[in-house]
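User: Please take a close look at one part of this model, and explain the terms for someone who has not met it before.

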Amino acid sequence: MKQIQHTELVIIGGGPAGLSAALSAKENGIGQITIIEREQEPGGILNQCIHNGFGLHTFKEELTGPEYALRYIAGVLKYDITILTDTMAVSVTKDKLITAVNKRDGLITIQAKAVILAMGCRERPRGALNIPGFRPAGIYSAGTAQRLINREGLMPGKEVVILGSGDIGLIMARRMTLEGAAVKLVAELMPYSGGLKRNIVQCLEDFQIPLRLSHTVTEIHGRERVEGVTIARVNREGRVIEGTEEYITCDTLLLSVGLIPENELSFEMGIELDSVTNGPVVNQKLETGLGGVFACGNVLHVHDLVDYVSQEAALAGKNAAGYLQGPSNEKLTEGESGNEIGIRPGKGVRYTVPHKIMYKDMEDKVIIRFRTDNIYEKCKLAMYFDDSLIQSADKLMVTPGEMESCVLKRELLNKYPETREIEFRIEVE
């Protein structure tokens, strides 16, 4: 058996989250850092996102995905950070023993003192949708089609229907159009789009591509190749309304029906996962229930902007450094005032991240991110401490496609030392 390698910090995933976390950990004093990345080069999904719109928050300028990734790759390469590319992490134990494999070194075993999970997410496949029909060519996830066009130089098809209005689906509607395809329509099961408003405008409205809300694909036609699809309107429960079926000819169906955090390793480690986000349950340090194991980026919850991924990952890297550099703070005994404060989603809110605050270890402020469960106009974002309204903010509109955030300051919590639970609600006048 090969000798076990020892290092201070292992980061699983070399996308925007992993790179940002590595830079932050290094800048906060960690000497030995290893990034494990399954692709042939770091950068993650950004390497195939050649459209602009990245970096407005982080770099105050508009960049393409590869340009954004290169900023972080260049930063990592300035330091003595080990990047194992084309390497798959196959297991991580509770004791932070990582087993990985690649064709250069074979089986690799690394003993870490801390681990940051930054594996990103994957697209939900056709098999999860139960759409009747055969298995013809011409059915792709939107991300696969994006890779084919932008990196492989291959065109998936000429007449396209897109199911799902997530950001990748919207962006691919524009991309396919620019490459000469006829995008017939984008069908969305929900009564609202799952993408950013700017993408709806720039990718659909600017190109006069119809968006059919409350519609879904009910059947795929064709044996060897997709010949067409049947779409139909659905009711509030998502059930097809009979008599609304419509046949659309096409040779390609793109699926943009949601993203799933890559948490197989997290599950095998015994980390508690949130049933809504499918990501780890974390405290304000982005630390999971296993001490010294942190999570950030799309493996924690699916983000809308990569700038927020980088910001969140930098916090994980900083806190991992803090974990490694000092003795762990002893937790207060159960029932002692000021230790754990739960954060929960209330009416109109689907989830919150983080899920709890360890008050004793809290810094001056914590950014709490969340998504709503529907579109709400002229509403209030309200924060309650143990059912007492503490503060609220007016919102002209909130949508599920755009992540919301709230800055919680420690000085506010200091005024309510007996608080045990914080709840966020959307209140409509």
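Analyst: In this predicted model, helix H1 (residues 16–27) and helix H2 (residues 65–77) have axes that come within 9 Å and cross at roughly 35° (lines fitted to C-alpha atoms over the stretch in contact, with angles from 0 to 180 degrees between N-to-C directions; helices are DSSP runs of H or I of at least four residues, strands E runs of at least two, numbered from the N terminus). The crossing of H1 past H2 is left-handed, meaning that the near helix is turned anticlockwise from the far one by less than a right angle. From H1, Leu19, Ser20 and Leu23 meet Ala69, Tyr72, Ile73, Gly75 and Val76 of H2, where contact means heavy atoms within 4.5 Å. By class, this contact has 6 nonpolar, 2 polar and no charged residues, with Gly counted as polar.

The loop between strand E2 (33–36) and H2 holds Arg38, which is linked to Glu262, 224 residues apart, in the loop between strand E16 (259–261) and helix H6 (264–269). Glu262 and Arg38 form a salt bridge, with closest N and O atoms 3.4 Å apart (a side-chain nitrogen of Lys or Arg within 4 Å of a carboxyl oxygen of Asp or Glu). Glu262 is buried at 13% relative accessible area, whereas Arg38, at 42%, is partly exposed (buried is under 20%, exposed over 50%, partly exposed in between, with a 1.4 Å probe and protein chains only).

Residues are numbered from 1 along each chain as its sequence is written. Local features need pLDDT of at least 70 and side-chain atom pairs 80 or more, while totals for chains, interfaces and linings use all residues, and side-chain values use heavy atoms, without hydrogens and water.
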